[in-house]
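Subject: Handing over the structure

Dear colleague,

I am passing on to you the structure we talked about, and I would be glad if you opened it beside this message and followed along as you read.

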Amino acid sequence: MKIKSLIRENEALVPVEVEINFTAGLPQIQFLGLPDQGIRESIHRIKSAIRAQGFEFPKAQQVLVNLRPNHLKKSSRGLELAVALGILWESEQLPKPEDSVMVYGELGLLGEVYEPEDLPTDFEPDGNVLVWTGQSQNTVAVFDRRVMNCLQDVREPVDVAAVPREYEVRRPEGDLNLQFPQRQARLLEVIALGEHSVLLAGPAGSGKSTIARTLSALLAAPTQEDMHTISKNNRGGSEAPLRWRPVVHPHHSTTALGLIGGGVPPFKGEITRAHKGVMILDELLEFNVRAQESLREPMEESMIRIRRGRFVEEFPAESLMIATTNLCPCGDWVPKSKVVCGRSLKKCQSYMERLSGPLVDRFHITFFTQKREEGETVSGADILAKLEASRMFRARKSLVDKRFAKLSSRWNYEELVSDLPSFYMKELFPKEISSRRRELATLRVARTLADLEQAEKLQPHHVETALKMTFEPVEALKRLGC
């Protein structure tokens, strides 16, 4: 007798084959195929439930339960129902089902059947699947179920149809009432539309944290598929259930292991929790250097690949990275500013040396905040209205140009330069940009500037404006203190 059931593999439930056979021997259950202690303990619940429901446990026969594949360590909360029904079907106390079935449920000592809490959340079948399970407080699942309250109900179970997942999506509006100076408002527009990573540097009280916090409310609304992914990556956290893109704010004492994940078997880190959302690294230079440098790969590839022994896992890491920092102990040291404090220049330089060039190069935009900004202000609600108009423009363009289906921060080099005159890149584009990564960041930000103007083609003046956000601040950072 072969039955399909489910076992846990990291954070998901995956199918397993349960093969049951009787052999002469003492009336007991013997699990084969590397079961864990939890599965072994289910032996007594299975025997008690079968007898309490008026069935007979096989006499003078040993029940062998083989779990395939054999080489994987098995952990499961619902194998006991599969084994109990398999015994009843194999001993012909109940008629065998005509087709192969999937069974997953917990048993009580008196034969009650319960649906494990992880079944509706962690099992994602490919195609149409019918799962035999027990009673549950959760009445919604994306697959068909055959529900029984006790083992006797297996003769007349209740069929429950699948219900598609629906997540509530609600934009946080608290920070949209704030007023932002023109320079900061322009920065918010560019970052929120293109989802460009940004390094915010400046004195204390100049609005760095406010900018970082507001960006989440200005991002595009997540789709239902996005919300499902977000929900899986943040399951069990204090933020659940989330109704918007996640905002992950790790403390600066967080280790590299905590940021990117690891362990045996590998677990998700903070950057995967921020997938499809925002990750804020407040006081970047206070993070351990190893923790800072561990973010270079996921910022570049939007994923993280971890190998620990024989375990290899790939976790998504497509998040908007926002880092804030002071550039010296007093916090007031920024390009083109006069600072009067009691610390030496050497002390300030040694503090800024914690920020490596390769890490700065991963940020598309570097922005220096100021304590006092002059000029008119723009409300967060007005910024959002402009962003929504630009998103509608991009949605219309995506119907005829597939490039616009992606964020501008995801366009490759060939997609970007195809709109520019060939002579511009050869003759007029600044030759001092030695990093191809910095060149690509400039073109991506330029494409976002074009989207804000609802321009179909990327123009040289967009590139010239982008250089002031992607190249000139990085060069000023290199010359700081010289």
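What follows is a short account of what was found, beginning with the whole chain and then moving to particular places.

Please keep in mind from the start that this is a predicted model. The protein has 18 helices and 21 strands, and its C-alpha trace spans about 90 × 50 × 45 Å along the principal axes. A compact globule of 482 residues would have a radius of gyration near 23 Å, whereas the value for this protein is 29 Å. Of the 482 residues, 50% count as buried. If we take the contacts between residues with a separation of 6 or more, 71% of them join residues that are 24 or more positions apart.

The sheet

One open sheet is a good place to begin looking, and it consists of 5 strands in the order E13-E16-E19-E12-E20, with parallel pairing. Its edge strands are E13 (247–248) and E20 (365–368), each of which pairs on one side only. As a general point, the strands of a sheet pair through backbone hydrogen bonds, either parallel or antiparallel. Strand E12 (residues 198–201) runs parallel to E20 and is joined to it by 4 bridges; to find one of these on the screen, look for Ala 201, whose bridge partner in E20 is Phe 368. Helix H4 (residues 182–194) packs on this sheet, where it touches E12, E19 (320–325) and E20, and the direction of H4 makes about 160° with that of E20.

Lys 47 and its surroundings

Lys 47 is found in helix H1 (residues 37–52). Is Lys 47 buried or exposed? Its relative accessible area is 19%, and because the limit for buried is under 20%, Lys 47 counts as buried, although you will notice that the value of 19% is under that limit of 20% by little enough that I would state both numbers together. Leaving aside the neighbours within four places in sequence, Lys 47 is in contact with Pro 27, Gln 28, Ile 29 and Phe 57. With Phe 57 there is a particular arrangement, in that Lys 47 lies over the face of the ring, at 5.3 Å from the ring centre. Another charge over a ring is that of Arg 436, whose charged end sits over the ring of Tyr 413, 3.8 Å from its centre.

Aromatic pairs

A pair of aromatic rings is described by the distance of the centres and the angle of the planes. A search of the whole structure finds 4 aromatic pairs. One of them is formed by Phe 123 and Phe 143, whose ring centres are 5.3 Å apart and whose planes meet at 65°, so the pair is edge-to-face. This pair links distant parts of the chain, since Phe 123 lies in the loop between helix H3 (118–122) and strand E8 (130–134), while Phe 143 lies in the loop between E8 and strand E9 (144–148), 20 residues apart. Both Phe 123 and Phe 143 are buried.

Phe 404 and Trp 411 also form an edge-to-face pair, with 5.2 Å from centre to centre and 90° between the planes. Phe 404 counts as buried at 3% relative accessibility, and Trp 411 is buried too, with a relative accessible area of 0%. Ring pairs link Phe 393, Phe 404 and Trp 411 into a cluster.

Backbone details

Most residues other than glycine have a negative phi, and most peptide bonds are trans. With that in mind, which peptide bond is cis, with omega near 5°? The bond from Arg 68 to Pro 69 is the one to look at, and Pro 69 is found in the loop between strand E4 (61–68) and helix H2 (79–90).

Ala 60, which lies in the loop between H1 and E4, has a positive phi of about 55° although it is not a glycine. At 55% relative accessibility, Ala 60 counts as exposed. Glu 92, placed in the loop between H2 and strand E5 (102–103), likewise has a positive phi, near 65°, and Glu 92 is exposed, with a relative accessible area of 69%.

With best wishes

Definitions and conventions. Residues are numbered from 1 along each chain as its sequence is written. This is a predicted model: local features need pLDDT of at least 70, side-chain atom pairs count only at pLDDT 80 or more; totals for chains, interfaces and linings use all residues. Side-chain values use heavy atoms; hydrogens and water are left out. Helices (H or I, at least four residues) and strands (E, at least two) are DSSP runs, numbered from the N terminus. Buried means under 20% relative accessible area, exposed over 50%, partly exposed in between (1.4 Å probe, protein chains only). Contact means heavy atoms within 4.5 Å. Two strands pair if DSSP finds at least two bridges between them. Axes are lines fitted to C-alpha atoms, for helices over the stretch in contact, and angles run from 0 to 180 degrees between N-to-C directions. Rings of Phe, Tyr and Trp (its six-membered ring) pair if their centres lie within 6.5 Å; planes under 30 degrees apart count as stacked, over 60 as edge-to-face and the rest as tilted. A charge sits over a ring if NZ of Lys or CZ of Arg is within 6 Å of the ring centre and within 35 degrees of the ring normal. The radius of gyration is taken over C-alpha atoms; the globule rule is 2.2 Å times the number of residues to the power 0.38.
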